[in-house]
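Below are some comments on the structure, set out as numbered points for a colleague who has the coordinates open.

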Amino acid sequence: MPENPRGVVQPLDWPALVAETIRRRKDEGLTQAQHAGLAGVGRTTVVAFDQRDTSITLSRALAILGVVGLVAENNANPQDAFVSVCRQRWNDLVGKLPDDAPARQVHGHYSFDCEVVGPITRLSPKRLLVVLDKSVVRYTGWPPFWVPTREDLAPVCDESGVECWLGNPEPERVFDDAAHSDYWRASTDGRLYLQRGYQEDGSDVLQPGTFFDITLPIWRAWEGLSHAARFATLTAPVGDPEIRFRVRYTGLGGRDLAS
């Protein structure tokens with residue numbers, strides 16, 4: 001290859017990039033539908049990508065590439081780095097589940113992430129767990145960042161925070177659908193992440209992945225924001241704490257709005 005003293009970026013070898021994406025997908029045991037769900041695009045978009053269709057948008061192509069680690073994420077922001085670690089951890093947890101396991105959230109999911117801005121009281125992991133439990137708000141039944149007390153479902157503390165995965169198939173549970181397969185993590189420096197499948201995809205009436213409720217996103221976002229506000233109040237030592245809160249939805253392509 002000729003020298004490139006000015007550091008000019010080389011043209012993309014698109015066929016090779018597509019081939020490598022397909023290889024990595026197979027290595028991770030993902031189907032096209034699962035890949036699409038994780039990328040937040042429709043299955044037809046993944047099919048077009050596999051066929052080297054260059055008419056799909058750049059944002060969708062990057063989302064597909066990102067699922068298999070072919071896009072370098074910009075993790076200069078500590079919160080973005082935290083979220084990236086959480087998503088990778090979730091991928092590792094569900095990696096050994098059957099292809100049709102609801103906890104894989106193959107039709108899509110939504111996530112909350114939050115950081116408390118400014119000085120906070122740095123808590124031990126065990127004290128952090130107590131604060132998380134006190135921050136839970138109950139409005140519509142299944143609250144975000146719910147802290148189970150059953151030993152086989154209880155959160156786990158480590159040196160940097162607390163983690164809970166409700167998608168674990170081993171414990172016996174009443175609900176095992178995507179909407180009850182939460183993964184959440186909280187860090188001792190005031191960062192939160194939660195990922196949950198859609199309640200709509202557990203419906204016995206309509207086909208999963210085909211509709212999106214008009215009101216549920218408003219309820220869920222408000223519950224997440226309320227929890228974040230309570231968490232900030234309990235961790236910030238003085239004053240009126242500031243929080244940065246984000247909501248992200250994947251797998252909405254092809255759905256109809258319904259009530």
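1. In helix α3, which spans residues 43-50, the buried residues are Thr45, Val46, Ala48, Phe49 and Asp50. I should say at once that this is a predicted model, and the remarks that follow are to be read in that light. The buried residues of α3 pack against three other helices, namely α1 (14-27), α2 (32-39) and α4 (58-67). After the helix comes Arg52, whose phi is positive, near 65°, and a reader checking the backbone may wish to look there.

2. Of these neighbours, α4 can be described through its packing geometry, since two packed helices are described by the angle between their axes and the distance between the axes. For α3 and α4 the angle is about 85°, and the axes lie 11 Å apart. Because angles of 65 to 115 degrees count as roughly perpendicular, α3 is roughly perpendicular to α4. Thr45, Val46 and Phe49 on the α3 side meet Arg60, Ala61, Ile64 and Leu65 on the α4 side. By class, the residues of this contact of α3 with α4 divide into 5 nonpolar, 1 polar and 1 charged. Thr45, Val46 and Phe49, which take part in this contact, are also among the buried residues of α3.

3. How much of α2 is covered? Of its 8 residues, 6 are buried, so that the helix is mostly covered. The buried residues in α2 are Gln34, His35, Ala36, Gly37, Leu38 and Ala39. What covers them includes α1, α3 and α4, together with α5 (78-94). The link between α2 and α3 can thus be read from either side, given that α2 is among the helices against which the buried residues of α3 pack.

4. A second helix pair, α6 (residues 125-135) and α7 (residues 216-235), packs at an angle of about 135°, with the axes 8 Å apart. That value makes α6 oblique to α7, and the crossing of the two helices is right-handed. On α6 the contact is made by Leu128, Val131, Leu132, Lys134 and Ser135, and on α7 by His227, Arg230, Phe231, Leu234 and Thr235. Sorted by class, the contact of α6 with α7 has 5 nonpolar, 3 polar and 2 charged residues.

5. Turning to single residues, Phe112 has its place in strand β1 (residues 109-117). Phe112 is buried, because its relative accessible area is 2%, while buried means under 20%. Leaving aside residues up to four places away in sequence, Phe112 touches Pro144, Leu192, Tyr193, Leu194, Arg220, Ala221, Gly224, Phe245, Arg246 and Val247. For a sense of distance, Phe112 and Leu166 are 54 residues apart in sequence and 16 Å apart in space, C-alpha to C-alpha.

6. Is Arg185, in strand β4, buried or exposed? Arg185 is buried, with a relative accessible area of 10%. Not counting residues up to four places away in sequence, the residues that Arg185 touches include Phe82, Cys86, Phe145, Asp158, Ser160, Gly161, Val162 and Glu163. Arg191, Leu192 and Tyr193 are also among the residues touched by Arg185, and Leu192 and Tyr193 are likewise among those touched by Phe112. By contrast, Arg185 and Thr54, which are 131 residues apart in sequence, are 37 Å apart in space, C-alpha to C-alpha.

7. Pro171 lies in a loop, between β3 (161-165) and β4 (183-187). Pro171 is nevertheless buried, with a relative accessible area of 8%. With residues up to four places away in sequence left out, Pro171 touches Arg150, Asp152 and Leu153. The C-alpha atoms of Pro171 and Asp100, 71 residues apart along the chain, are separated by 18 Å.

8. Some remarks on the whole chain may close the note. The chain has 7 helices and 8 strands, and 43% of its 259 residues are buried. Among contacts between residues at least 6 apart in sequence, 68% join residues at least 24 apart. A compact globule with 259 residues would have a radius of gyration near 18 Å, and the 20 Å of the chain agrees with this. Along its principal axes the C-alpha trace spans about 60 × 55 × 35 Å.

Methods: Residues numbered from 1 in each chain as written. Predicted model: local features only at pLDDT ≥ 70, side-chain atom pairs only at ≥ 80, totals over all residues. Heavy atoms only, no water. Axes fitted to C-alpha atoms, helices over the stretch in contact; angles between N-to-C directions. Helix = DSSP H or I, 4+ residues; strand = E, 2+ residues; numbered from the N terminus. Parallel < 35°, antiparallel > 145°, perpendicular 65-115°, else oblique. Left-handed = near helix turned anticlockwise from the far one by under 90°. Contact = heavy atoms within 4.5 Å. Nonpolar A, V, L, I, M, F, W, Y, C, P; charged D, E, K, R; others polar. Rg over C-alpha atoms; globule rule 2.2 N^0.38 Å. Buried < 20%, exposed > 50% of the residue type's maximum accessible area, 1.4 Å probe, protein only.
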